[in-house]
Amino acid sequence: MQHDKILILDFGSQVTQLIARRIREAHVYCEVHPCDVSSDWVREFAADGHLKGIVLSGSHASVYEVDDKAPDAVYELGIPVLGICYGMQTMAQQLGGKVEGSHTREFGYAEVRARGHTALLKDIADFTTPEGHGMLKVWMSHGDKVTELPPGFKLMASTDSCPIAGMADEARRFYAVQFHPEVTHTVQGRALLDRFVLEICGTSPDWVMRDHIAEAVEKIREQVGDEEVILGLSGGVDSSVAAALIHRAIGEQLTCVFVDHGLLRLNEGDMVMEMFAGKLHAKVVRVDAAELFLGELAGVSDPEQKRKIIGRLFVDVFKAEAAKLTSSGASTKGAKWLAQGTIYPDVIESGGAKSKKAVTIKSHHNVGGLPEQLGLKLLEPLRDLFKDEVRELGVALGLPHDMVYRHPFPGPGLGVRILGEVKKDYADLLRRADAIFIEELRSTIEPHSGKSWYDLTSQAFTVFLPVKSVGVMGDGRTYDYVVALRAVQTSDFMTADWAELPYSLLKRVSSRIINEVRGINRVTYDVSSKPPATIEWE
């Protein structure tokens with residue numbers, strides 16, 4: 001790719017991904033790599049002339065306790081460098097300054113005074129004091145601080161408890177801040193990162209999904225040649241966009257395998273087939289495995305056990321179908337590639353886990369070790385993209401907005417939204433109740449924003465509770481099942497607040513479910529935030 005780029009060196013912060021997302025939002029390409037890459041690696045990364053700047057991330061560690069530092073080449077390439085939190089401290093220590101433990105730890109909101117009129121902070125402020133000092137509302141998270149500036153640096157920002165909260169060597173275009181501009185709590189954080197990336201580094205904002213299609217198509221064609229590809233299509237955003245992109249590139253050489261495990265949402269299987277087989281004219285093999293999955297799940301109530309059974313069966317069914325497509329004579333030449341909807345956060349998180357710099361969030365998995373088991377080469381056309389970029393790409397490829405911007409849906413499907421044992425009649429009741437909830441969220445507009453409540457929530461769904469309660473319908477007594485509605489709002493899914501849906505909306509949903517779904521006579525609303533609750537119930 002012939003794009004200007006920014007290199008982010010990750011020292012293990014849980015919010016390093018946010019740095020990359022903010023830079024991508026400025027339409028500048030960037031990559032995250034572990035901090036322990038070598039100087040030779042950095043020089044090679046810069047060899048094509050497109051590396052315009054480097055960002056050093058935060059960390060949970062202290063510079064005087066660990067040996068994590070930026071490769072020397074970072075400071076020798078003659079390009080701008082921005083240090084954030086730990087990144088500032090390692091820059092100070094490596095270039096001749098001093099870092100010490102602080103008596104006053106700063107975690108959370110702080111107000112920082114901008115000093116020195118540097119290019120990075122010029123005219124960026126949240127408010128001005130009566131004395132005329134420009135102030136920034138920021139988010140701090142540190143227990144150490146720089147106590148002595150390196151030679152050539154000047155003071156750029158300060159707080160009462162952190163006299164050196166920012167520093168700059170403008171001759172070399174080295175900048176560093178103790179606060180976190182990547183988090184939304186730092187009000188001018190985006191302006192600061194845009195200033196660094198677009199103006200100080202001088203990058204071209206040409207990383208645009210609409211234009212990326214041609215690049216991605218060319219790369220897929222180059223990789224695959226005239227060989228055939230199989231892809232596990234789940235109906236989720238990542239696999240759907242990967243399928244649409246690969247189909248755009250190689251057409252009939254792609255075969256999608258859609259395993260319907262009987263735990264999808266209402267009419268979801270038909271919608272997937274209509275979109276991909278009907279409108280895109282892609283080759284899709286639909287496998288109806290509902291009986292197999294529900295049979296194996298009978299009598300199982302432990303959520304982890306349910307997840308393992310569903311995951312194992314999916315792999316077994318997919319392998320059986322893939323074997324037919326890879327065997328000689330099943331298609332023109334037999335499939336040689338397995339495509340997966342791996343996206344960039346998966347790549348970053350698994351890289352962090354391998355380097356042991358980050359506290360592990362999750363190990364990367366998509367379809368397990370299938371490429372090795374099937375003897376196939378791996379095709380991952382979305383592995384450079386964040387979720388929001390995948391969605392933009394999907395729309396640019398012509399996928400329906402409702403499909404691309406649909407709320408996340410767990411791999412085990414309704415299997416983890418039915419508490420306890422999974423039964424077909426439970427799934428059928430849940431499907432219909434959930435469809436009513438989503439329909440009402442989509443059709444109810446919040447007047448101030450003009451958006452639907454579906455767009456204002458990050459994830460919304462219905463949970464089936466395997467308990468019965470007494471009710472009255474007409475003059476008769478009922479003894480039927482209970483469902484819970486769940487709707488949350490979040491920016492990162494690490495924490496989430498329950499959505500304060502209007503009472504009128506909840507009343508309408510409850511009334512419709514009880515009247516239209518025979519077998520349910522009580523509807524509850526979950527008002528638990530994450531933490532302590534999780535978003536899904538199982």
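# Briefing on Thr90 and Two Strand Neighbourhoods

Thr90 is buried, because its relative accessible area is 1%, and the cut-off for a buried residue is under 20%. The structure described here is a predicted model. This briefing turns to the surroundings of Thr90, then to strand 3, and finally to strand 12.

**Thr90 and its contacts**

- Thr90 lies in helix 3, the helix formed by residues 86-94.
- Leaving aside residues up to four places away in sequence, Thr90 touches Phe11, Leu56, Val63, Asp68, Lys69, Ala70 and Tyr75.
- One of these contacts, Leu56, belongs to strand 3, which covers residues 51-56.

**Strand 3 and its partners**

- Strand 3 is largely enclosed by the rest of the structure, because 5 of its 6 residues are buried.
- Strand 1 (residues 5-10) is joined to strand 3 by 5 bridges, and these two strands run parallel.
- Within this pairing, Leu7 has Ile54 of strand 3 as its bridge partner.
- Strand 3 also pairs with strand 4 (residues 81-84), in the parallel sense and over 3 bridges.
- Ile54 appears here as well, since its bridge partner in strand 4 is Val81.
- Ile54 is thus a bridge partner of Leu7 and of Val81.

**Burial of strand 12**

- Strand 12 consists of residues 254-260, and 7 of its 7 residues are buried.
- Both faces of strand 12 are covered.
- One side of strand 12 carries the buried residues Leu254, Cys256, Phe258 and Asp260.
- The other side carries Thr255, Val257 and Val259, which are buried too.

**Strand 12 and strand 11**

- Strand 11 (residues 228-232) runs parallel to strand 12, and 4 bridges join the two.
- Leu231 has Cys256 of strand 12 as its bridge partner.
- Together with helix 6 (residues 237-250), strands 11 and 12 form a right-handed β-α-β unit.

**Strand 12 and strand 13**

- Strand 12 is joined to strand 13 (residues 283-288) by 6 bridges, and these strands run parallel.
- Val259 has Val287 of strand 13 as its bridge partner.
- From strand 12 the chain passes through helix 7 (residues 268-279) to reach strand 13, in a β-α-β crossover that is right-handed.
- Strand 12 is therefore bridged to strand 11 and to strand 13, with its residues buried under the cut-off of 20% relative accessible area.

Methods: Residues are numbered from 1 along each chain as its sequence is written. This is a predicted model: local features need pLDDT of at least 70, side-chain atom pairs count only at pLDDT 80 or more; totals for chains, interfaces and linings use all residues. Side-chain values use heavy atoms; hydrogens and water are left out. Buried means under 20% relative accessible area, exposed over 50%, partly exposed in between (1.4 Å probe, protein chains only). Helices (H or I, at least four residues) and strands (E, at least two) are DSSP runs, numbered from the N terminus. Two strands pair if DSSP finds at least two bridges between them. A crossover is right-handed if, with the strands pointing away from the viewer, the path from the first strand over the helix to the second runs clockwise. Contact means heavy atoms within 4.5 Å.
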